[in-house]
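Here are some short exercises to work through with the model open beside you. Try each task before you read its solution.

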Amino acid sequence: MSEVKAGLGYSEEHEWAEARGNLVRIGITDFAQSQLGDIVFVEFPETGAVLEADAPMGTIESVKTVSDLFSPVSGTVVMINEALLNSPENVNSDPYGEGWIVEVEVDGDAAEVVAALLSAEQYEAFISGK
């Protein structure tokens, strides 16, 4: 069974979001990485790019497929996880840690923005089809 980490916000596109001060860190869920298989490449948005919630922000490529990455929140990209350029497999081995993808500065309170997403319990129900 896929790990769903408490305290994060989740999207129906299988991204997670974590409030970190005034920033939101975004990655893909354990469920998503397990469905994709071995990750071989991540295409990031550029630093400074303005993201819209639920809109594509890049792609993630596995040995099986290429999938769009969707931003769960609106904001401006302030940092990308450059370690994934050389080690995209971190998304598979540690999707909630070393496998994070971008950090975004949001308008308003980051914790409130994340709280508006699916909770861990809601996301678990969503992926289990309940």
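**Exercise 1.** Decide whether Glu 103 is buried or exposed, then find its salt-bridge partners.

*Solution.* Keep in mind that you're looking at a predicted model.

Step 1: Glu 103 has a relative accessibility of 6%, so it counts as buried, the cut-off being under 20%.

Step 2: look for partners. Side chains of opposite charge can pair when their charged atoms come close. Arg 25 meets Glu 103 in a salt bridge, at 2.8 Å from N to O. That pair links strand β9, home of Glu 103, to strand β3 (residues 23-28), where Arg 25 sits, 78 residues apart. Arg 25 is buried too, since its relative accessibility is 15%.

Step 3: try Arg 20. Its salt bridge with Glu 103 has the closest N and O atoms 3.5 Å apart. Because Arg 20 lies in strand β2 (residues 15-20) and Glu 103 in strand β9 (residues 102-105), this pair ties together parts that are 83 residues apart in sequence.

**Exercise 2.** Work out which residues the salt bridges join into one network.

*Solution.* Step 1: start from Arg 20, which is partly exposed with a relative accessible area of 37%. Besides Glu 103, Arg 20 pairs with Glu 18 in a salt bridge of 3.3 Å, N to O.

Step 2: join the pairs through their shared partners, and you get one network of Glu 18, Arg 20, Arg 25 and Glu 103. As a check, the whole structure has 3 salt bridges.

**Exercise 3.** Find where Lys 64 sits and what its side chain reaches.

*Solution.* Step 1: go to the loop between β6 (56-62) and β7 (66-70), and there's Lys 64. In an unreviewed entry, UniProt places the feature "modified residue: N6-lipoyllysine" at Lys 64.

Step 2: with a relative accessible area of 58%, Lys 64 is exposed.

Step 3: follow the side chain of Lys 64 to the backbone oxygen of Gln 35, at 3.0 Å. Leaving aside neighbours within four places in sequence, Lys 64 is in contact with Gln 35, Leu 36 and Gly 37.

**Exercise 4.** Do likewise for Asn 92: is this residue buried or exposed?

*Solution.* Step 1: locate Asn 92 in helix α3 (residues 90-93). Its relative accessible area is 18%, so Asn 92 is buried.

Step 2: the side chain of Asn 92 reaches the backbone nitrogen of Ile 39 at 2.8 Å. Not counting residues up to four places away in sequence, Asn 92 touches Gln 33, Gly 37, Asp 38 and Ile 39.

Terms used. Residues numbered from 1 in each chain as written. Predicted model: local features only at pLDDT ≥ 70, side-chain atom pairs only at ≥ 80, totals over all residues. Heavy atoms only, no water. UniProt positions renumbered as here; feature names shortened; annotations may be inferred. Helix = DSSP H or I, 4+ residues; strand = E, 2+ residues; numbered from the N terminus. Buried < 20%, exposed > 50% of the residue type's maximum accessible area, 1.4 Å probe, protein only. Contact = heavy atoms within 4.5 Å. Polar contact = N/O pair within 3.5 Å; in protein donor to acceptor, adjacent residues only side chain to side chain. Salt bridge = Lys/Arg side-chain N within 4 Å of Asp/Glu carboxyl O.
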